[in-house]
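User: I have a model open and want to go through its charged contacts. Can you take me through them?

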Amino acid sequence: MLTKSSTELVRQRNSVLVLSVLRRHGALAHTEISDFTGLSSATISAITTELEKAQIIEKSEHQPASGRGRPRVLLRQRRDCGYLIVVIISSDAVQYSLVDYAGKLIDRFSEERSHDPAGAARFVAAVRAGLLRILDRSKISQEKVLLISISSKGLVNSTEPVLVWSPIFGSDQIDFESALRPEWQAKVILDNETLLVAAALGAREEMVKGADFRSLAALSLGHSVGLGIVRRGNQTGQEISAPNFGHMLHMANGGLCRCGTRGCIEAYAGFYAILRSAFEVPLDTIPAKFVPVAELDKIAANARQGHRVPAFAFRQAGLALGNGLSRMLSLTERMPIAITGPGTRYYDLLRQGIEEGLGQSHIVRMEGMPEIRVVADEQILVFEGHLNRALSVIDEDIVLSGVQGSVVTQETD
């Protein structure tokens, strides 16, 4: 017999399940929700009635394509139930996006990020101003914002929205929740950018392969180097991680990295590393904080024309990446690798080194080269990852905060 507390947990879990199915498949009829969730018709009726009463979802009528018969009644999220702000921090800009509860983009703008020596404090002030600006443009009150989802390259705290280390601010930590209180009451979450890329790619892959999906790695190439790994999980969904790949050791006492240590993968494969190598600058030279893509394009053009030193710079970068990937595969399992980020434009120059580095691994020699695919538009993946993560957090928070009334649940699985 279920106790009151266990019955409430089942009710909450089933309500979140209904909302997640609507997120994944769009507007659905009552019977379709039942089919996708495996819950009985009576349970679906009770849950959807309560969610509609709480103005979380709404009904809409759709005339059959034939034009005959009764219209289909579909259920979907209410767009004005609340709002999400997505903040994507990159090396040279900060992008702000305002999204409604149904996942529809309302407004977006980007601001150049100043390379100000004042660092984190001035940056936080700029973020506060950016958040207020995107609301003012759409005339939406702060109280309607349920969540602020932020992403950056670097190391993030696993339990709190604290940027522990980043290629932008180094060891100047930023606690975004403390920085935005008390002005903002919305929940604040922070994720590693490449983790979100892996999550988006994993969601796409699972939609195509279903139960056949096992795992995938996303390697982001650019000013910094990031890695995200997604694995098929249990009932709680996919397992996603972002190991500190760019700062794994590639060569003892090697090139100076932006993190302050020597020999990291990024010290050979980041944009600043390729620039340093192409101009034959000593490896202990302090890395450039930002390298415009146009500069790398010039080096790449020379490499493609057969110039030896630029070609060697890209091959050396590929070798560092391949060695790192070989270690990752040895510690995990053989999986497809999706290469993303602005560095994909140089994949033709990196490929030989990557494959050579991978080929030095025992697991690759035994099982063969993993599938490598290039996915060019990383920013779309980052945004998809934000939506998948943030909207599911909002759904759970809405349900846990207590939809008024009681919902009769018949299933416990």
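Analyst: The notes below go through salt bridges in this predicted model, then a domain record.

User: How many salt bridges are there?

Analyst: The count comes to 28 salt bridges.

User: Start with Lys 153. Which side chain does it meet in a salt bridge?

Analyst: Lys 153 pairs with Glu 193, at 3.5 Å from N to O. Lys 153 sits in the loop between strand S7 (145-152) and strand S8 (155-156), and Glu 193 is in helix H6 (residues 193-209), so the salt bridge ties together parts that are 40 residues apart in sequence.

User: Is Lys 153 buried or exposed?

Analyst: Lys 153 is buried, at a relative accessible area of 16%. The cut-off for buried is under 20%.

User: And Glu 193, buried or exposed?

Analyst: Glu 193 is buried too, with 3% relative accessibility.

User: Next, Asp 191. What does its side chain meet?

Analyst: Asp 191 forms a salt bridge with Arg 389, and the N to O distance is 2.8 Å. This pair links distant parts of the chain, with Asp 191 in strand S11 (residues 187-192) and Arg 389 in helix H13 (residues 378-400), 198 residues apart.

User: What is the relative accessible area of Asp 191? And of Arg 389?

Analyst: Asp 191 has 7% and counts as buried. Arg 389 has 32%, which makes it partly exposed. Partly exposed covers the range between the buried cut-off, under 20%, and the exposed one, over 50%.

User: Back to helix H13. Where does Glu 384 find its salt-bridge partner?

Analyst: The partner is Arg 204, at 2.8 Å from N to O. Arg 204 belongs to helix H6 and Glu 384 to helix H13, so the salt bridge ties together parts 180 residues apart in sequence.

User: How accessible are Arg 204 and Glu 384?

Analyst: Arg 204 is partly exposed at 36% relative accessibility. Glu 384 is also partly exposed, with a relative accessible area of 26%.

User: Which residues are linked in a network of salt bridges?

Analyst: One network links Glu 58, Arg 76, Arg 78 and Asp 80.

User: Change of topic. What does UniProt place at residues 14-62?

Analyst: UniProt, in an unreviewed entry, gives "domain: HTH marR-type" for residues 14-62.

User: How much of that span is helix, and how far apart are its end C-alpha atoms?

Analyst: Residues 14-62 are 67% helix and 16% strand. The C-alpha atoms at the two ends of the span lie 26 Å apart.

Methods:
Residues are numbered from 1 along each chain as its sequence is written. This is a predicted model: local features need pLDDT of at least 70, side-chain atom pairs count only at pLDDT 80 or more; totals for chains, interfaces and linings use all residues. Side-chain values use heavy atoms; hydrogens and water are left out. A salt bridge is a side-chain nitrogen of Lys or Arg within 4 Å of a carboxyl oxygen of Asp or Glu. Helices (H or I, at least four residues) and strands (E, at least two) are DSSP runs, numbered from the N terminus. Buried means under 20% relative accessible area, exposed over 50%, partly exposed in between (1.4 Å probe, protein chains only). UniProt positions are given in the numbering used here, feature names are shortened, and annotations may be inferred rather than shown by experiment.
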